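Q: Please take a close look at the side-chain chemistry of this model, beginning with the sulfur atoms, passing on to the charged pairs and ending at the nucleic acid. I would like one connected account, with every cut-off stated.

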Amino acid sequence: MTVRTRYAPSPTGDPHIGNIRAALFSWAYARANGGQFLLRIEDTDRARLQETSLEAIMDSLHWLGIDWDEGPVVGGPHEPYFQSQRLPLYQHAAGRLIDEGNAYRCFCTPERLDQMRKAQQASKQPPGYDGRCRDIPREESDRRAANEPFTVRFKMKHDGTTVLHDLIRGDVTFDNALQDDFVALKSDGYPTYHLAVVVDDTEMQISHAIRGDEWISSAPKHIQLYDALGYEPPVWAHLPLILGPDHKKLSKRSGDTAVLDYATNGYLPEAMVNFLAFLGWSLDDHTSLVTIDDLKQHFDLARVVPNPAVFDVERLNFLNGYYIRAMDEERWHATITQWSGQQMDAALVAAVAPILRERVARLDEIGPMTAFLFGDDAPGYQAELLAEKLGGDAAIAQTVLDTAMAAFSEIASEDWNQASIEAAIRGLEPVLGLKLRKFVSVLYVAIEGSPQGLPLFDSVAIIGRSRTLHRLAAALQKLA
RNA sequence: GGCGCGUUCGUCUAGAGGCCCAGGACGCCGCCCUUUCAAGGCGGAGAUCGCGGGUUCGAAUCCCGCACGCGCUACCA
């Protein structure tokens, strides 16, 4: 059997972490098994549809490095890949269901259903459709259908059990007595998710349906639908939920969950892929660093665990730093140029690149960290900061600045380089009677506007003699 | 409330009866390196494997019960 998996998001917003992880796993499973991966847009909810979603979905996949063999843009033998363009298929299936006695038209109004639910809640009855329209005779149903809005409800079996064979969880048994007749076709003629997935997964020959655990409760609906339609169900795999720091299902409320937000916040796709991969899956007993190629080669649903995983941003940050350090030089240079927010010539980029690299965990730190390279003045800072590491002793800070000023002044412009600068600063030790590590912070603040930043000797060499002297003078001024 | 799923260091995970008084990674702590901050190197603390019963010579691993957590419970997906 050829493995065919799909990612079938609904365009109701930007793809989120949990959702995209299902895409990653589905894609990886197809690739690892020499199968196909398709993208299908489940745009059956007209009320929640968002125009910008399609682009966001495709951008998210592209960003991570996920490609699809069939779907929007690339097309394929099962076109169209938008459910809103496949309405006849669902309507035909619904018609068949009615004709064969497996579904019926329901004329209940939303108001009545609402009332029913409230009453059930009040009397502590399990909520669910009460079946009022289940036994309306066909003739009456046909007649009323001509001028009354209706939905098509699927007749769930009310006795026995329905068993889901799940690749990750094993067999899960549901009591049919607790199932209610769900809406398969809405009154606007669009299918609900339940009908649409079953029809499309079948038509598109999906072999493995991989989705989030939040779907497991509705699996019996799908299983019975497959059965009623006479279709062969796919292999199901329900992925564990991804939890927020509050240990609840990750959602907008628990913070940034839109995948693309991570891109704009300075995360690398490699880091995100590696991070996502380990939310439920592992390669072996010791590997914690994997690339998308590893996934492509070794991903296996058999190694996905059933228990939910908490999204730990610390771990993502580590991975991001790791992949930044692992970047090849050319890309790193381009990245610096892109994220500095400043005009940078190649020589400047090359000068900062090596010392910046191991200090950046997120790309958006590049801007603040390199800000001092631009303009005559150091980034704004409070005068107190100069003496902060000296126990607040401004007098010492002043002496440090004075002596540094004198030492730097003696270096001729043509001799202004890292070695001479280092020698000058180290030469301050005996003059001041202080250890270098004790007084450098004053210089860091004067030059970079912060007691911590890129290495001082390099920094001073890069910004040049005149700006250095200017900034020392400015620092002295602040202390006066 | 009902149904379902889940439960190994703070977090992600390894573990499919003896290799485990539980391994790796992030984080944390300490030391080294060091011009700050990082990065890197070395070391450390950290899980009585949710609890209670079984089965077995032997259980994190099998069975049962309980507890807790989470998910679902729409003409949303």
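A: C106 is buried, with a relative accessible area of 1%, where buried stands for under 20% relative accessible area, exposed for over 50% and partly exposed for the range in between, with a 1.4 Å probe and protein chains only. This is a predicted model, in which local features need pLDDT of at least 70 and side-chain atom pairs count only at pLDDT 80 or more, whereas totals for chains, interfaces and linings use all residues. Residues are numbered from 1 along each chain as its sequence is written, chains are lettered from A and ligands numbered from 1 in the order in which they are written, and side-chain values rest on heavy atoms, with hydrogens and water left out.

With a disulfide taken as a pair of cysteine sulfur atoms within 2.5 Å, the count is zero. C106 accordingly takes part in none, the nearest cysteine sulfur, that of C108, being 3.7 Å away. C108 also holds the closest cysteine sulfur to that of C133, but the separation of 3.6 Å is too far for a bond; C133 is itself buried, at 4% relative accessible area.

The charged pairs come next. Side chains of opposite charge can pair when their charged atoms come close. Counting a salt bridge as a side-chain nitrogen of Lys or Arg within 4 Å of a carboxyl oxygen of Asp or Glu, the structure holds 26 of them. One joins D99 to R138, with 3.0 Å from N to O; because D99 belongs to helix 3 (residues 87-99) and R138 to helix 5 (residues 138-145), this pair ties together parts 39 residues apart in sequence. Helices here are DSSP runs of H or I with at least four residues and strands are runs of E with at least two, numbered from the N terminus. D99 is exposed at 53% relative accessibility, while R138 is partly exposed at 39%.

Another salt bridge links D130 with R112 at 2.7 Å, N to O, and since D130 sits in the loop between helix 4 and helix 5 and R112 in helix 4, it connects parts 18 residues apart in sequence. Here D130 is partly exposed at 41%, but R112 is buried at 15%. In the salt bridge between R362 and D364, again 2.7 Å from N to O, R362 is partly exposed at 27% and D364 is partly exposed at 29%. There is also a network of salt bridges linking R6, R40, E42, R86, D200, D201 and E203.

Turning to the nucleic acid, 67 residues surround RNA strand B, the closest being G280, E358, R359, R426 and Y444, where near means having a heavy atom within 4 Å. Of the strand's atoms that come within 4 Å of the protein, 72% belong to sugar and phosphate. K186 places a polar side-chain atom 2.7 Å from a phosphate oxygen of RNA strand B, K249 does so at 2.9 Å, and an N or O atom in the side chain of D45 lies 2.6 Å from a sugar or linking oxygen of the strand. Among the elements that each supply at least two residues of the surface near RNA strand B are helix 4 (110-122), helix 11 (313-326) and helix 19 (436-448).

Notes:
A polar contact is a pair of N or O atoms within 3.5 Å; within protein, one must be able to donate a hydrogen and the other to accept it, and residues adjacent in sequence count only if both atoms are side-chain atoms.
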